Amino acid sequence: MTAKVRLFVEHPLGAGQPVPLTREQAHYLFSVMRLGAGDAVALFNGADGEWHAEISEAGKRGGMALCDTQTRAQTMPPDLWLLFAPIKKARTDFIVEKAVELGVSRILPVQTQFTNSERIRQDRLQAHALEAAEQCGACFVPEVAELVRLDRLLAEWPGERGLLFCDEAEAGSRSSALAGVLAPAAILVGPEGGFSDAERTRLRAMAQTRVIALGPRILRADTAAVAALALWQAENGDWT
Ligand code: SAH
């Protein structure tokens with residue numbers, strides 16, 4: 001039987017391996033999805049690929065699933081980070097979800113000079129990333145980092161990591177300059193207010209930076225994130 005539900009678990013997976021289910025997972029599987037003992041579930045843990053498992057115990061507060069066969073080998077997304085300035089809640093959620101689907105290794109909310117929100121709910125965003133991985137078939141859940149100030153992040157920027165700076169001031173310039181920027185890399189998208197001149201100067205002075213134009217129109221930050229990720233993936237990532 002093929003599994004209708006895919007779950008991320010924090011437990012080793014392998015042939016014959018029993019996997020305990022948490023209270024939340026039990027609630028979801030048994031109360032929401034109405035599954036029970038004998039039903040199939042797909043499990044992944046970010047390291048051992050995806051496994052077909054059979055529910056062996058279904059309780060109110062927990063349960064157990066027994067792995068039988070591996071259904072997908074472990075694959076990792078390219079070493080691509082997404083740096084974005086948090087915007088309104090629903091749009092921030094969208095950015096996290098789409099980043100996981102399109103394929104990133106890490107998601108870093110950054111506070112820029114014109115960022116409106118000074119707080120994020122990291123745990124909520126991480127839960128969104130997990131759900132997105134469960135539904136899109138990925139075997140890996142990218143980490144969502146705590147909010148960090150852009151200037152702090154740049155001060156410690158790893159020498160080998162390319163920085164794709166999506167600059168709205170470049171709208172309309174012809175080159176998207178994404179070709180050949182291999183992993184490790186990071187895409188940086190600004191807030192609704194865009195980047196300040198000081199930030200622009202700082203970013204442009206860094207050897208790792210490539211300035212990216214995303215067409216002739218000004219995109220909203222969530223659109224810009226999706227467009228840049230898709231372009232990078234198609235040129236340099238795991239879509240090819
Ligand atoms: N308020 C700003 C626009 C910000 S758009 C202004 O009117 O100038 C939000 C973010 O999306 C930008 O900071 C940039 O990272 C990205 N972005 C939007 N359109 C873009 C484009 N055409 N080229 C490159 N980046 C773009």
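The following exercises, each with a worked solution, concern a predicted model of a protein with a ligand.

**Exercise 1. The overall fold**

State how many helices and strands the protein has, and give the span of its C-alpha trace along the principal axes.

*Solution.* Begin with the secondary structure: six helices and twelve strands are found in the protein. Next, consider the extent of the chain. The C-alpha trace spans about 60 × 35 × 30 Å along its principal axes. Finally, turn to burial: of the 240 residues in the protein, 48% are buried.

**Exercise 2. The surroundings of the ligand**

Determine which residues come nearest to the ligand and how the shell around the ligand divides by class.

*Solution.* First, locate the ligand: the space that it takes is the second largest pocket. Then examine the residues around the ligand, which number 20. Those that come nearest are Cys166, Glu168, Glu192, Leu214 and Leu219. Last, sort the shell by class: twelve residues are nonpolar, four are polar and four are charged.

**Exercise 3. Polar contacts and cover**

For Cys166, Glu168 and Glu192, identify the kind of protein atom that lies close enough to the ligand for a polar contact, using a cut-off of 3.5 Å between N or O atoms.

*Solution.* Take each residue in turn.

1. Cys166 places a backbone N or O atom 2.6 Å from an oxygen atom of the ligand.
2. Glu168 uses its side chain: a polar atom there lies 2.7 Å from an oxygen atom of the ligand.
3. Glu192 has a backbone N or O atom at 2.6 Å from a nitrogen atom of the ligand.

The cover of the ligand can then be stated. Taken alone, the ligand exposes 560 Å², and the protein buries 84% of that.

**Exercise 4. Two alanine residues**

Decide whether Ala58 and Ala230 are buried, partly exposed or exposed, and place each of them in its element.

*Solution.* Start with Ala58, which belongs to strand 4, residues 50-58. Its relative accessibility is 44%. Partly exposed residues fall between the limits of 20% and 50%, and Ala58 therefore counts as partly exposed. In space, the C-alpha atom of Ala58 is separated by 8.7 Å from that of Leu29, although the two residues are 29 residues apart along the chain.

Proceed to Ala230, which is part of helix 6, residues 221-236. Its relative accessible area is 22%, so Ala230 is partly exposed. From C-alpha to C-alpha, Ala230 and Gly103 are 9.0 Å apart, while 127 residues separate them in sequence.

Definitions and conventions:
Residues numbered from 1 in each chain as written. Predicted model: local features only at pLDDT ≥ 70, side-chain atom pairs only at ≥ 80, totals over all residues. Heavy atoms only, no water. Near = heavy atom within 4 Å. Polar contact = N/O pair within 3.5 Å; in protein donor to acceptor, adjacent residues only side chain to side chain. Areas by Shrake-Rupley, 256 points an atom, 1.4 Å probe, with all protein chains shown as cover. 1 Å grid on protein atoms, 1.4 Å probe; cavity = no way out; pocket = protein on both sides within 12 Å on 5 of 7 lines; lining within 4 Å. Sits in = over half its atoms within 2 Å of the grid points. Nonpolar A, V, L, I, M, F, W, Y, C, P; charged D, E, K, R; others polar. Helix = DSSP H or I, 4+ residues; strand = E, 2+ residues; numbered from the N terminus. Buried < 20%, exposed > 50% of the residue type's maximum accessible area, 1.4 Å probe, protein only.
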